[in-house]
Amino acid sequence: MSDEHAPDAEPRTPTAGRMLTPGGDNSIAVALGLLGDEWNLWILRHSFQGAKRYRDWMGAGGISHAVLSSRLAVLTDAGLLERTPYQDKPARYEYRRTACGQELWSILLSVWSWELRWAPDHGVLPLMRHTTCDRHFTPRLECASCGSPADARDVVAEMGPSGGWTRSVPAASNRRRSSGAVRMPHVLPQTMDLIGNRWSAAMLGSALLGARRYSEFAERMRASPTIVAERLRTFTELGVLSETPSTERADRTTYHLTDKGRAFFPAVVAMIAWGQRWFPAPEGDAIAFTHVACGDGFTPRFSCSECGGELEPTTVMVEPRSAHVDRRGLPHLD
């Protein structure tokens, strides 16, 4: 199958982002629906590394024609990619990122870095080098208003007009297999354990917003006792939550975010900021973030852990783990 067999005979003309329906899924649900799918992230990752044509993704290996076609259609319909012709006879198309899709680079950078730090044994992700200082780095979350470093304990989150748990998670699991799929890419396996399922995403959000007891998780998630218990067990086994006996009652357990769990906050806040920018609800934002140190509304920004310089797509180099001193010709995230 070549480029002309990609979905649809005629190219769509998507609009990057869209206003959502009143009372329906909010921006968080839309963002999770798009980014909680590992194949979507796989396609976007290769897009930032230069893939534009159907054969570019097929050449990367591991994806079936059916899955690639369906995911490219989803990303195009959502306005993250734009399908444009590059040849008339036969008709063939390229998939280029829109402004909406381009802004995903900081989210990918965050989950990429988190997997490198907390799932090092997986070993399939390349390293990242900041070309400004020529060092391997970790993206550091900062407040765009005051420039200070920030983490989950420095930012207060409150539900906004379009917030609410029922509106903030996708209606169904995202991690279903499509017809023709040979396997999932497993590039970001632990990220998918956190956001690739509607109940996991709801539990992560509950924990970041302060849920500590089983009853608090159950109330916010509105899931069955079996699902809540299973997700608590999974998050504990992943090391994202730790459980301790309650100081109030011996028969109760409390759950707390670990360092690993809090370290995922930059990816979450970047994802929510992206969703609220490009898929706004008419009622207003789903979540309002405030930076405790300066008191301003919190907008995420990322800097280099080594030199402190602000990160940009053109200054982040993708470097295979086996790279030698000569790094010429390696792609940037542009």
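Which element gives the largest share of the lining of the largest cavity? Keep that question in mind as you open this predicted model, and begin the tour inside the protein.

**First stop: the cavities**

A search of the whole structure finds 2 cavities of 30 Å³ or more, and the largest cavity holds about 80 Å³ of space. To see its walls, select Glu38, Leu41, Trp42, Arg45, Leu108, Val111, Trp112, Leu125, Pro185, Val187 and Leu188, which line this largest cavity. Two or more residues of that lining come from each of α2 (38-48) and α6, and the answer to the opening question is α2, whose 4 residues make up the largest share. If you colour the lining of the largest cavity by class, 9 residues appear as nonpolar and 2 as charged, with no polar residue.

**Second stop: α6 against α13**

Stay with α6, and select residues 105-118 for this helix together with residues 265-278 for α13; the two pack at an angle of about 165°, with their axes 9 Å apart. Since an angle over 145 degrees counts as roughly antiparallel, α6 and α13 are therefore roughly antiparallel to each other, and their crossing is left-handed. On the α6 side, show Ser106, Ile107, Ser110 and Val111, and on the α13 side Pro266, Ala267, Ala270, Met271 and Trp274, for these residues make the contact. Of the residues in this contact of α6 with α13, 7 are nonpolar and 2 are polar, while none is charged. Val111, which belongs to this contact, is also one of the residues lining the largest cavity.

**Third stop: α9 against α10**

Next select α9 (residues 198-208) and α10 (residues 214-221), whose axes come within 10 Å and cross at roughly 125°. That angle makes α9 oblique to α10, and α9 passes α10 in a right-handed crossing. The contact can be displayed by choosing Trp199, Ala202, Met203, Ser206 and Ala207 of α9 with Phe217, Arg220 and Met221 of α10; by class, the contact of α9 with α10 has 6 nonpolar residues, 1 polar and 1 charged.

**Last stop: two loops and their backbone**

Most residues other than glycine have a negative phi, and most peptide bonds are trans. With that in mind, move to the loop between β1 (81-87) and β2 (92-97), where Pro90 is placed, and inspect the peptide bond from Lys89 to Pro90, which is cis with omega near -10°. Then go to the loop between β3 (127-130) and β4 (135-136) and select Asp134, a residue other than glycine whose phi is positive, near 60°.

Conventions. Residues numbered from 1 in each chain as written. Predicted model: local features only at pLDDT ≥ 70, side-chain atom pairs only at ≥ 80, totals over all residues. Heavy atoms only, no water. Axes fitted to C-alpha atoms, helices over the stretch in contact; angles between N-to-C directions. Parallel < 35°, antiparallel > 145°, perpendicular 65-115°, else oblique. Left-handed = near helix turned anticlockwise from the far one by under 90°. Contact = heavy atoms within 4.5 Å. Nonpolar A, V, L, I, M, F, W, Y, C, P; charged D, E, K, R; others polar. 1 Å grid on protein atoms, 1.4 Å probe; cavity = no way out; pocket = protein on both sides within 12 Å on 5 of 7 lines; lining within 4 Å. Points joined across faces, edges and corners; volume = space filled by probe spheres on them.
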